Amino acid sequence: MAIDFSLEGAKWGSPELGTAGGTVTWAVDNSISQAELQSINAAFAEWSEVANIQFQQVASTADSDIDFANSALDGAGNVLGVTGFSYAGGQLQSAEIQFDSGDNLSASSRSTRSGMRLDWVTTTTTTR
Ligand SMILES: [Ca+2]
Ligand SMILES: [Ca+2]
C-alpha cells in the first residue's frame, strides 16, 4: 500500500537536521481503546529505537505535544485517519492524529489493522 506524504521542514527539538528530537509528550483522549493504546506505544518505541528522540505519555491532551483520538471521518474504507501539525521556526509545536472510528474491522483482521496503524502513525509522525 502506498502512502502519500510530503516532507516538511519542521522537526521536534532543535530545527537543525541531525540533532536530537528531545522528549515529545503524547496523550490519547477517552475514544482510544486499550488495543489502540498498545499500538501507539509500540509505534513510539519503534521510532525511539532508530531515532534520537524520546516519547513520554502524559495524562491529558491539554498537556501533550501529540494528541490521539478516534473521530467519525468518512465511514468504512477510504480515509483511515487524518493528521495536523503546527510549527514555528522549523520546530514542531504540536500534532494531532485522528483515526476514523468508522473503520471497524473484524477481530480476525485486528492485527492487520494495528500493523497498518503502526505504520501510519510512524509514517505521519516521522515525516512531520
Ligand atoms: Ca495536546
Ligand atoms: Ca474511513
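The average pLDDT of the chain, where pLDDT is the predictor's confidence in each residue on a scale from 0 to 100, comes to 82, and 74% of the residues score at least 70. This is a predicted model, in which local features need pLDDT of at least 70 and side-chain atom pairs count only at pLDDT 80 or more, while totals for chains, interfaces and linings use all residues. Residues are numbered from 1 along each chain as its sequence is written, and chains are lettered from A and ligands numbered from 1 in the order in which they are written.

One stretch needs care: over residues 106–128 the pLDDT stays under 50, and there the model has 33 contacts beyond four places in sequence, a contact being two residues whose C-beta atoms, placed from the backbone, lie within 7 Å. Where pLDDT is low, the predicted coordinates should not be read in detail.

Now to the strands and the helix, which are DSSP runs numbered from the N terminus, with at least four residues for a helix (H or I) and at least two for a strand (E). Strands count as paired if DSSP finds at least two bridges between them. Strand E1, residues 22–28, runs parallel to strand E2, residues 53–57, and 5 bridges join them, with Trp26 standing opposite Gln57 in E2. E1 also pairs with E3 in the parallel sense, over 3 bridges, and here Ala27 has Asp67 as its bridge partner. E3 in turn is joined by 6 bridges to strand E5, residues 91–100, again running parallel, and Asn70 is partnered by Phe99 in E5.

Between E1 and E2, how does the chain cross over? Together with helix H1, residues 34–50, the two strands make a right-handed β-α-β unit, meaning that, with the strands pointing away from the viewer, the path from the first strand over the helix to the second runs clockwise.

Which residues of H1 are buried? They are Ser39, Ile40, Ala43 and Phe44, buried meaning that 20 or more other C-beta atoms lie within 10 Å of the residue's own, against 12 or fewer for exposed and partly exposed in between, with C-beta atoms placed from the backbone. These four cover an arc of only 130° around the axis, so they lie on the same side of H1, the arc being that of the directions from the helix axis to the C-beta atoms. The face turned away from that buried side carries the exposed residues Gln34, Gln38, Ala45 and Glu49.

Finally, Asn78 has a positive phi of about 55° although it is not a glycine. Asn78 lies in the loop between strand E3, 66–71, and strand E4, 81–88, and counts as exposed because it has 10 C-beta neighbours inside 10 Å.
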